[in-house]
Each structure stands twice: as C-alpha cells, then as structure tokens.
Amino acid sequence: MRIVTFGYQTWGHRTLEALIESPHEVVLSVTHPPSEHAYETIWSDSVEDLAREHGIPVHLAQRPDDELIERVKHLEPDIIVANNWRTWLPRELFDLPPHGTLNLHDSLLPKFTGFSPVIWALISGESEVGLTAHRMDDGLDTGDVVLQRAVPITSTSTATELVAATIDLIPGVLGDALEQIESGTAVWTPQRLEDRTFFHKRSEIDSAINWNWPADQIDRLVRAQSDPYPNAYTHFRGQRLRVTKASVSRCVYGGTPGRVFIHEGDGMVIVAGSDAHLGRNKGLVIERLRTDDGVEHAAKDFFPHGGGYLG
C-alpha cells in the first residue's frame with residue numbers, strides 16, 4: 001500500500017522504520033520540527049532524519065494546513081499511519097485515503113486516552129499497559145480498535161522500561177494491522193467510551209511528591225519519573241531533592257506526613273499518608289536522591305539521622 005505517515009519522536013521513528021522494512025511504500029513523512037519541551041527532548045529519535053536517509057519526502061509542520069492537505073491528496077495514499085502526532089488532524093485529512101487513518105496509541109484504549117499514557121498508567125497502579133491500533137475519528141483516541149497488545153507492569157517497573165517495551169510492540173502491531181486491513185480481514189471493535197480515562201499533558205508540578213499520598217502511590221510516582229524523565233521531587237530546608245530510587249518500608253511508621261524519620265535498609269524512611277497519625281501506614285524509604293547541582297547522593301549519607309520535614 002501507498003502510505004503517508006504522521007509521527008514524531010521515537011514512536012514516529014520506530015513506526016517509519018517498520019514501514020521502511022515492510023512491503024509497503026511510504027510516499028510522504030510528516031513530522032513536527034524539533035522542540036525544547038522537557039518531555040519532547042526525551043525519546044527524541046528524528047523522524048525527519050530517518051526519512052531523508054531513505055529518500056522519503058518530508059513535510060515539517062506543527063499542525064496541518066491547506067498546503068499539506070493538498071500535498072497528501074496529490075499523493076493518493078491508500079492509508080495514513082499516525083503515531084505520536086501532537087496536534088489535531090481534520091476529517092478532510094484523516095478520512096482522505098480509502099482506508100482512512102490508522103493511529104497507534106501507547107495504552108490499552110479506552111483507558112489512558114490523551115498524554116503520557118504509560119506514566120499515568122504506572123502512577124495509577126494498573127497491572128499492564130500496551131499499544132492500540134485504531135481508526136482515527138473526530139475524537140481524541142476514540143476510534144474503533146483493530147488490534148491491541150499488552151506488556152505487564154510489575155512492582156519494580158519504571159516508566160523508562162515500560163515505554164521501551166511498548167515501543168518494541170510497534171513493528172508487530174503495525175505489520176499485523178496493515179496486513180488485516182489490506183486483506184479485508186480486519187475486525188473493527190468500537191470502544192466502550194463509558195470506560196474511557198482521559199489524562200492531560202504532564203508538567204513540572206505533576207512530579208511534586210505529596211506526602212499525604214500512601215507510600216505505595218509515592219513509590220509508583222518515583223518509578224514513573226525515572227531517568228531520563230524529570231524526577232519526582234520534594235523540598236528539604238529550602239533545597240529541592242529529586243528522588244531517583246525509593247521503596248515502600250517493611251515496617252509501619254506513624255506520625256506526620258513528610259517527617260524524616262529513621263534509617264531502614266539502604267535508606268531513610270519518610271512518614272507518608274494523610275492518616276499516618278493513626279499508625280497504620282508503611283513509609284517511603286528514599287534510597288537515592290539528586291540535588292539541583294546534579295550530584296547524586298545515597299539517602300543515608302544525605303540524611304545521617306532523622307529530623308525535619310519534606311514538603
């Protein structure tokens with residue numbers, strides 16, 4: 001099939017790479033210009049560079065305009081394939097090819113529609129995340145599903161590991177979906193939109209630790225903000241601390257949320273949970289942290305003894 005791609009960052013790069021290695025013909029690659037946004041400098045493999053290396057025409061745009069729509073019409077693609085395209089596509093464009101537009105989204109739709117789905121899934125305590133191939137419609141990630149595959153979230157998974165695992169699903173999901181579409185065997189399943197969960201784009205404040213959360217939820221936040229993401233952070237005596245490794249305590253610790261309490265294992269216990277005063281909660285053991293000067297510290301060295309509060 002003749003294919004136009006819309007994609008950005010490593011997701012778009014892996015999608016284009018899979019198509020280059022397939023029997024299909026990519027007649028145009030549409031991508032965004034480079035960005036300095038914190039989350040867009042991560043997983044930043046260049047779609048533009050890959051396309052140019054293989055002689056594929058490139059169109060750079062933040063959002064579609066009349067020139068792009070006319071260019072796609074002239075190319076007469078059989079299908080558009082999109083992955084991590086960051087702005088709205090009008091029906092005039094996504095419905096233009098005979099097979100419409102196949103979008104790849106890194107969650108198990110209808111759960112975790114929207115932005116940073118792997119990070120939000122980990123924070124939310126889901127047992128798995130994955131990749132969905134669906135037909136684009138007028139909504140955001142709401143179209144009929146043709147194929148989904150999942151990867152498990154374990155008690156030690158980090159967002160970095162899970163993103164890499166879902167990116168690795170792209171060639172197989174895309175290849176199988178296109179084969180079904182081309183052969184006419186695709187079965188399109190409408191999403192149960194009443195089960196939809198919709199998450200916003202993440203910003204710096206979303207990485208701030210709230211010590212009123214239970215320790216297991218804070219632990220998931222720390223793992224969801226693993227390097228190279230902007231780490232989960234807190235403040236101690238006017239200094240910002242980025243927590244790079246933590247775990248839930250073995251013992252129960254009571255008191256006031258945020259209290260720097262006592263050493264356990266390889267780290268320092270911080271009292272956690274809005275009802276910590278009842279003495280029923282585990283604490284969060286901070287094991288490693290990074291100060292704003294970029295220096296990494298073992299928590300036992302940074303906190304030689306208990307005392308004071310994080311917040």
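Which residues form one aromatic cluster with Trp120? Phe112 and Phe199 join Trp120 in that cluster. The model shown in these close-ups is predicted.

**View 1. The aromatic cluster of Phe112, Trp120 and Phe199.**
Three side chains make up this group: Phe112, Trp120 and Phe199. Arg202 lies over the face of Trp120, 4.5 Å from the ring centre. Phe112 sits in the loop between strand S5 (101-105) and strand S6 (113-114). Its relative accessible area is 6%, so Phe112 is buried, the limit being 20%. The backbone at Phe112 has a positive phi of about 60°, although Phe112 is not a glycine.

**View 2. A cis peptide bond in the loop between S5 and S6.**
The loop that holds Phe112 also holds Pro110. A cis peptide bond joins Leu109 and Pro110. Its omega is about 15°. Most peptide bonds are trans, and most residues other than glycine have a negative phi. Pro110 and Phe112 each mark an exception to one of these two trends.

**View 3. Two further backbone features, at Pro228 and Glu76.**
Asp227 and Pro228 are joined by a cis peptide bond, with omega about 10°. Pro228 lies in the loop between H8 and S10. Glu76 is not a glycine, yet has a positive phi of about 50°. Glu76 belongs to the loop between helix H3 (66-75) and strand S4 (79-83). Buried or exposed: which is Glu76? At 60% relative accessibility, Glu76 counts as exposed, because the threshold is over 50%.

**View 4. The largest nonpolar core, seen around Leu310.**
This core has 70 residues. Those with the most contacts inside it are Leu102, Leu178, Trp211, Ile286, Phe303 and Leu310. Leaving aside neighbours within four places in sequence, Leu310 touches Trp211, Ile286 and Phe303, among others. Its other contacts include Phe236, Leu241, Val260 and Ile270. Thr234, His235 and Gly258 are also among the residues in contact with Leu310. Apart from this core lies another, of 16 residues. Val27, Ile80, Ala82 and Leu93 are among the members of that second core. In soluble globular proteins, nonpolar side chains tend to be buried together.

**View 5. Helix H8 (residues 215-224) and its packing partners.**
How many of the 10 residues of H8 are buried? Eight are, and the helix is mostly covered. The buried residues are Ala215, Ile218, Asp219, Arg220, Leu221, Val222, Arg223 and Ala224. They pack against two helices, H5 (117-124) and H6 (159-168). They also pack against strands S10 (232-236), S11 (239-252) and S14 (282-291).

**View 6. Tyr253 and Phe261, an edge-to-face aromatic pair.**
The structure holds eight aromatic pairs. In the pair of Tyr253 and Phe261, the ring centres are 5.5 Å apart and the planes stand at 80°. The angle is over 60°, so the pair is edge-to-face. Tyr253 is buried, with a relative accessible area of 10%. Phe261 counts as partly exposed, at 35% relative accessibility.

**View 7. Arg135 over the ring of Trp188.**
The charged end of Arg135 sits over the Trp188 ring. The distance to the ring centre is 4.0 Å.

**View 8. The largest pocket.**
About 700 Å³ of space lies in this pocket. It is lined by 35 residues. Which of them are the closest to its centre? They are Asn84, Trp85, Arg86, His105 and Gly114. H1, S5 and H5 are the elements that give two or more residues to the lining.

**View 9. Thr15 and the largest cavity.**
A search of the whole structure finds one cavity of 30 Å³ or more. The space in the largest cavity is about 30 Å³. Its lining consists of Thr5, Phe6, Gly7, Gly12, Thr15, Leu16, Ser29 and Val47. Strand S1 (2-7) and H1 each supply at least two of the lining residues. Thr15 is found in helix H1 (residues 9-20). At 2% relative accessibility, Thr15 counts as buried. Leaving aside neighbours within four places in sequence, Thr15 is in contact with Val81, Asn83, Leu104, Ile170 and Leu174.

Terms used
Residues are numbered from 1 along each chain as its sequence is written. Side-chain values use heavy atoms; hydrogens and water are left out. A nonpolar core is a set of buried Ala, Val, Leu, Ile, Met, Phe, Trp, Tyr and Cys residues joined through side-chain atoms within 4.5 Å. Buried means under 20% relative accessible area, exposed over 50%, partly exposed in between (1.4 Å probe, protein chains only). Contact means heavy atoms within 4.5 Å. Helices (H or I, at least four residues) and strands (E, at least two) are DSSP runs, numbered from the N terminus. Rings of Phe, Tyr and Trp (its six-membered ring) pair if their centres lie within 6.5 Å; planes under 30 degrees apart count as stacked, over 60 as edge-to-face and the rest as tilted. A charge sits over a ring if NZ of Lys or CZ of Arg is within 6 Å of the ring centre and within 35 degrees of the ring normal. On a 1 Å grid over the protein atoms alone, a cavity is a set of points where a 1.4 Å probe fits but cannot get out, and a pocket is an open set with protein on both sides within 12 Å along at least five of seven lines; lining residues have an atom within 4 Å of a point. Grid points are joined across faces, edges and corners, and a volume is the space filled by probe spheres set on the points.
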